Amino acid sequence: MKSLLTILFFCSLNMLLNETTPNYSKDELLGTFDPAQHVDFKPVPSEFTQKTNIYLRIEVLQQFDQMFQSAKRDGIELEIVSATRNYNYQKGIWERKWKRSKYMGWQNMDKVLDIMKYSSMPGTSRHHWGTDIDLNHLNNDYFETGKGQELYNWLVECAPNYGFHQVYTSKEQGRTGYQEEKWHWSYLPLSEEMLTQYNEKIRSSDLPSFSGVEQVDSLNIFQRYVNGIETN
Ligand SMILES: [Zn+2]
């Protein structure tokens, strides 16, 4: 009897623990960590990507695996072309674009807005979270004809069954921020909570330094970009 009670106690304790909302650290939200050293992350196997040493949260990878197999049965080949990108990686992309010769003589504000059509400021990317993936081609045109269109139609219909949603949709309905990205899919069961905690915990003063960081508040980057998503 006593041991039964003990078992019941541990079961309910476990249920309680499982239902507790995870508390994401500022480092996890800003990407200022190394996913290779994080216990909740695993490398993406070569079956799913041609890249080496790219990482996702374990739950996201498990769900992607399910989606990948189901797509394969339907003759669709999914390929992850980008997964977790940490702050340093994103800063590398950002600073490279910042120095492009076409920006000679531009105001910082205009540079930020131009780069942010498709690329995030370091510290503000959903790719920091380990919940978001880019699939197959980083080009909307690819998804509008032939094989690419078949793939996209499959994703629109089936990806939500596995928790994945296109968050950067067409801007025709008034969504703000980045242009449409038919390749970017977010695992909402985790990323919705991460966005909530990002909004609660992160202020512009938390962002480490990079070119143009002073524009974050004046351009309303958190409101218009970080929150400029569709979750239907
Ligand atoms: Zn992306």
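A residue is called buried here when its relative accessible area is under 20%, exposed when it is over 50%, and partly exposed in between. By that measure, buried residues make up 47% of the 232 residues in the protein chain. The structure is a predicted model, and the values below were computed from its atoms.

The overall fold offers a convenient place to start. The protein chain has 8 helices and 6 strands, and along the sequence these elements follow the pattern α-α-β-β-α-β-α-α-β-α-β-β-α-α. Its radius of gyration is 19 Å, close to the 17 Å given by the globule rule for 232 residues, so the chain is as compact as a globular protein of that length. Taken along the principal axes, the C-alpha atoms fill a box of roughly 80 × 45 × 35 Å. The contact pattern adds to this picture: among contacts between residues at least 6 apart in sequence, 70% join residues at least 24 apart. On the outside, the protein chain exposes about 12600 Å², and carbon and sulfur atoms supply 49% of that area.

The metal site comes next. The zinc ion is coordinated by His127 through NE2, Asp134 through OD and His184 through ND1, at 2.0 to 2.1 Å. In sequence, these donor residues have the spacing H-x6-D-x49-H. Both His127 and Asp134 are buried. The donor His184 is also one of the residues touched by Gln166, a residue found in strand 5. With a relative accessible area of 8%, Gln166 is buried. Beyond its neighbours up to four places away in sequence, Gln166 touches Tyr152, Glu180, Glu181, Lys182, His184, Trp185 and Glu230. The C-alpha atoms of Gln166 and Trp185 are separated by 4.7 Å, although the two residues are 19 places apart along the chain. Two of the residues that Gln166 touches, Tyr152 and Lys182, also meet in another way: Lys182 lies over the face of Tyr152, at 4.8 Å from the ring centre.

Aromatic side chains deserve a closer look. A search of the whole structure finds 17 aromatic pairs. In one of them, the rings of Phe164 and Tyr187 have their centres 5.3 Å apart and their planes at 55 degrees, so the pair is tilted. This pair links distant parts of the chain, as Phe164 belongs to strand 5 (residues 164-166) and Tyr187 to strand 6 (residues 184-187), 23 residues apart. Phe164 and Tyr187 are both buried. They also belong to an aromatic cluster formed together with Phe48, Phe64 and Phe68.

Leu78 ties in with this cluster. The residue sits in the loop between helix 3 (58-73) and strand 3 (80-82), and its relative accessibility of 3% is under 20%, so Leu78 counts as buried. Setting aside residues up to four places away in sequence, Leu78 touches Phe48, Phe64, Met67, Phe68, Ala71, Asn136, Leu151, Trp154 and Leu155. Among these contacts are the cluster members Phe48, Phe64 and Phe68. Leu78 and Phe68 are 10 residues apart in sequence, and their C-alpha atoms are 6.1 Å apart in space.

Three asparagines round off the survey, two of them for their backbone geometry. Most residues other than glycine have a negative phi. Asn53, however, has a positive phi of about 55 degrees although it is not a glycine. Asn53 is placed in the loop between strand 1 (41-43) and strand 2 (55-57), where its relative accessible area of 63% makes it exposed. Asn220 likewise has a positive phi, near 55 degrees, and lies in the loop between helix 7 (188-201) and helix 8 (221-226). Its relative accessible area is 42%, so Asn220 is partly exposed.

The remaining asparagine, Asn108, lies in helix 5 (residues 108-115). At 30% relative accessibility, Asn108 counts as partly exposed. Leaving aside neighbours within four places in sequence, Asn108 is in contact with Trp98, Glu214 and Gln215. The C-alpha atoms of Asn108 and Val213 are separated by 9.6 Å, with their positions 105 residues apart along the chain.

Notes
Residues numbered from 1 in each chain as written. Heavy atoms only, no water. Phe/Tyr/Trp six-rings, centres within 6.5 Å; stacked < 30°, edge-to-face > 60°. Helix = DSSP H or I, 4+ residues; strand = E, 2+ residues; numbered from the N terminus. Buried < 20%, exposed > 50% of the residue type's maximum accessible area, 1.4 Å probe, protein only. Lys NZ or Arg CZ within 6 Å of the ring centre and 35° of its normal. Rg over C-alpha atoms; globule rule 2.2 N^0.38 Å. Contact = heavy atoms within 4.5 Å. Areas by Shrake-Rupley, 256 points an atom, 1.4 Å probe, with all protein chains shown as cover. Donors = N, O, S within 2.8 Å, 3.2 Å for Na, K, Ca; no water.
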